[in-house]
Protein chains: 2
Amino acid sequence: MKKYNVAILGATGAVGREMLKVLEERQFPIQTLRPLASARSAGKELPFCGGTVAVEEATRHSFEGMDIVLGAAQADLAREMAPDIVRSGAVFVDNSSAFRMQEDVPLIVPEINPEDVKMHSGIISNPNCSTIITLTAIAALHRLSPIQTIVASTYQAVSGAGAAGLAELEAQVRGYAEGKPPVAQAFPYPIAFNVIPQIGSDSGNGYTTEEMKMQNEGRKILHQPGLRVTCTCVRVPVLRSHSISATVVTERKIPVGEAREAIASAAGCRLVDELAAKRYPMPLETSDQDIVFVGRIRDDLTHENGLSLWCCGDQIRKGAATNAIQIAELLLK
Amino acid sequence: MKKYNVAILGATGAVGREMLKVLEERQFPIQTLRPLASARSAGKELPFCGGTVAVEEATRHSFEGMDIVLGAAQADLAREMAPDIVRSGAVFVDNSSAFRMQEDVPLIVPEINPEDVKMHSGIISNPNCSTIITLTAIAALHRLSPIQTIVASTYQAVSGAGAAGLAELEAQVRGYAEGKPPVAQAFPYPIAFNVIPQIGSDSGNGYTTEEMKMQNEGRKILHQPGLRVTCTCVRVPVLRSHSISATVVTERKIPVGEAREAIASAAGCRLVDELAAKRYPMPLETSDQDIVFVGRIRDDLTHENGLSLWCCGDQIRKGAATNAIQIAELLLK
């Protein structure tokens with residue numbers, strides 16, 4: 001079996017570290033693994049396959065000989081490094097928002113549009129985390145009847161702001177127990193005992209950049225250029241799993257029973273939907289897993305062709321690292 | 001100035017205690033104050049106007065001579081005591097769900113339908129907390145053009161489960177800092193670091209009883225029998241303020257600027273809506289106040305006549321105690 005040379009750009013962050021774990025768990029066929037980060041992290045040892053791998057400084061020459069580069073860095077670094085990655089002959093599977101809407105860059109959720117991977121010119125983008133989780137949950141509905149509109153409100157975990165976000169919630173909770181005032185740096189306001197209705201920056205139409213991703217990326221992933229999405233992105237004091245409350249209108253009415261069956265048998269989904277028995281997806285029960293959990297499926301009371309539902313998925317895994325490595329696996333085929 | 005004899009049924013709970021504070025703050029014209037609770041709490045002293053008042057056991061004879069009884073007890077106790085309250089000649093302003101949908105019982109948000117108070121036959125109901133906060137936020141839109149539909153997702157504070165809910169989140173957070181596993185009693189699952197997409201019980205159509213209140217009570221309060229509401233009620237690890245993400249479709253399109261102006265000048269509302277300056281309502285900044293804070297007002301991208309917005313209000317105050325005492329104030333006029 002062919003083995004591959006794989007680099008991780010931004011290996012020391014929350015997503016980069018998770019990529020190492022997921023590569024190991026899924027037994028990705030690796031010849032050489034090259035974890036890359038800023039000069040400050042060079043030499044740091046990261047756990048991998050029972051041993052450790054040493055972080056190297058990411059430079060323009062780091063990508064020579066690599067087959068696949070997994071991007072877990074910010075958009076500006078992804079933009080800076082992309083030309084060198086492509087020139088080296090590696091395929092860049094990038095988790096940042098830098099290239100997602102570029103026409104020659106496939107934007108992939110492997111359970112939804114794996115065939116798009118073929119059209120790449122050296123770069124493939126991993127979608128936004130809430131977009132991956134929401135679309136994985138509702139893709140089965142789209143296959144039954146095209147989705148026209150989505151009204152979504154998110155309950156997003158602090159891991160979306162990386163290791164710093166996780167540390168900040170932890171510190172605020174411990175500080176509260178000790179009677180100390182909260183210190184906010186990763187987020188604009190304290191997040192413990194709070195919710196913050198802004199993720200991303202003002203995109204100019206009253207929505208944030210994060211909120212517009214579900215419509216913009218959703219259109220590309222679902223091949224549905226007329227898709228309209230009203231999204232409200234909210235940070236909540238949860239560690240890793242994002243939750244989304246979504247009301248979805250399809251071209252024809254999908255009965256609740258049919259929707260449940262379709263979602264229960266959809267790739268990447270698990271149905272947890274027994275309200276009377278208090279069974280539904282929750283962050284605490286869905287973290288550190290690759291599946292998107294879906295429940296609370298019921299008729300939308302405002303639109304005859306609508307359904308309302310609730311889904312949860314681990315933001316670092318299915319929302320980032322796992323989805324990226326699933327994309328890399330598509331490249332092996 | 002006439003003074004009134006006021007009893008509080010359920011005076012030792014989170015809402016009952018807040019009623020005492022609000023009566024004092026608003027200088028409600030009180031002759032006698034009678035705090036009532038179960039036999040177990042009888043004799044307990046509660047702070048009031050610089051001194052204390054002693055809790056009495058609530059019995060069928062507790063209401064004689066009272067002008068107003070403020071109900072802060074569960075629905076079953078409200079149902080049990082209501083006949084005696086009405087027979088005593090007092091007006092029962094009840095915060096429970098027991099009588100809200102009864103035809104001869106006005107259901108009042110004083111900023112919206114104060115005139116309905118006249119039609120009472122001894123009982124007036126205080127609406128559900130999320131319903132009060134959401135409707136107070138959007139009533140100004142309804143006055144501009146009738147609201148047809150609302151899609152709402154809530155972020156509800158633990159205070160909705162009373163003093164036990166508040167204590168449980170506090171205990172779980174302190175326990176986390178000490179490395180102890182969470183104990184869940186007030187809620188079906190741990191609430192620290194979690195969100196729980198169920199409030200109330202299964203109402204039979206896939207919605208919870210709490211979720212159906214926004215439609216059922218909203219129709220009555222807004223005098224809009226055709227109102228359709230899809231609501232998802234979610235408990236979040238926040239102490240006192242409920243937040244609601246709402247997408248509202250009106251009969252005619254209300255431009256964002258007109259909506260902002262109307263909400264800014266609406267009774268009981270404060271507009272906090274500057275996304276670029278990171279200004280929007282949040283639980284930590286809106287707790288322990290009587291105003292409903294509204295922001296993130298923008299065009300709904302899924303419906304030409306829709307607007308999307310975000311609001312926060314203190315669940316114990318405007319969502320319960322303050323609204324009830326505002327109703328009592330209407331009775332003085």
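The following questions and answers go through a predicted model with chains A and B, its interface, salt bridges and backbone.

Me: How are residues and chains labelled, and which pLDDT do local features need?
Reply: Residues are numbered from 1 along each chain as its sequence is written, chains are lettered from A and ligands numbered from 1 in the order in which they are written, and side-chain values use heavy atoms, with hydrogens and water left out. In this predicted model, totals for chains, interfaces and linings use all residues, side-chain atom pairs count only at pLDDT 80 or more, and local features need pLDDT of at least 70.

Me: What span should helix α5 of chain B have, and how far apart are its end C-alpha atoms?
Reply: Helices (H or I, at least four residues) and strands (E, at least two) are DSSP runs, numbered from the N terminus. The expected span is 1.5 Å times one less than the number of residues. For the 14 residues of α5 of chain B, residues 209-222, this gives 20 Å, which agrees with the distance between the end C-alpha atoms, 20 Å.

Me: How many residues of α5(B) are buried?
Reply: Buried means under 20% relative accessible area, exposed over 50%, and partly exposed in between (1.4 Å probe, protein chains only). Among the buried residues of α5(B) are M212(B), M214(B), I221(B) and L222(B). E210(B) is also buried, with a relative accessible area of 9%. The helix is mostly covered, the count of buried residues being ten of 14.

Me: Which elements do the buried residues of α5(B) pack against?
Reply: Contact means heavy atoms within 4.5 Å. The partners come from both chains: β13 (292-299) of chain A, and from chain B α3 (129-144), β9 (147-155) and β10 (228-232).

Me: What area do chain B and chain A bury between them?
Reply: In contact terms, 62 residues of chain B meet 62 residues of chain A. Buried area is the accessible area (1.4 Å probe) that two parts lose on being put together, summed over both. Carbon and sulfur atoms carry 61% of the buried area, and the total is about 5,300 Å².

Me: How many salt bridges cross the interface of chain B and chain A, and what is the N to O distance for R296(A) and E211(B)?
Reply: A salt bridge is a side-chain nitrogen of Lys or Arg within 4 Å of a carboxyl oxygen of Asp or Glu. The rule finds four across the interface of chain B and chain A. R296(A) forms a salt bridge with E211(B), and their closest N and O atoms are apart by 2.6 Å.

Me: Which two residues of helix α5 of chain A meet in a salt bridge?
Reply: An α-helix has 3.6 residues a turn, so residues three or four places apart point the same way. The two residues lie three apart in α5 (residues 209-222) of chain A, about one turn of the helix, and both are buried. Their side chains meet at 3.5 Å, N to O, and the pair is E210(A) and K213(A).

Me: How many residues apart in sequence are the parts tied together by K253(A) and D299(A)?
Reply: The side chains of K253(A) and D299(A) meet in a salt bridge of 2.6 Å, N to O. K253(A) lies in the loop between β11 (241-250) and α6 (256-264) of chain A, and D299(A) in strand β13 of chain A, so the separation of the parts in residues is 46. K253(A) is partly exposed at a relative accessible area of 27%, and D299(A) is likewise partly exposed, at 33%.

Me: Where does Q27(B) lie, and what is its phi?
Reply: Most residues other than glycine have a negative phi. Q27(B) lies in the loop between α1 (14-25) and β2 (30-37) of chain B, and at 69% relative accessibility counts as exposed. Although Q27(B) is not a glycine, its phi is positive, at about 50 degrees.

Me: Which residue shares a polar contact of 2.8 Å with the side chain of T247(A)?
Reply: T247(A) is found in strand β11 of chain A and is buried at 5% relative accessibility. Leaving aside neighbours within four places in sequence, its contacts include T149(A), L307(A), V151(B) and T230(B). A polar contact is a pair of N or O atoms within 3.5 Å; within protein, one must be able to donate a hydrogen and the other to accept it, and residues adjacent in sequence count only if both atoms are side-chain atoms. The side-chain partner of T247(A) at 2.8 Å is S308(A).
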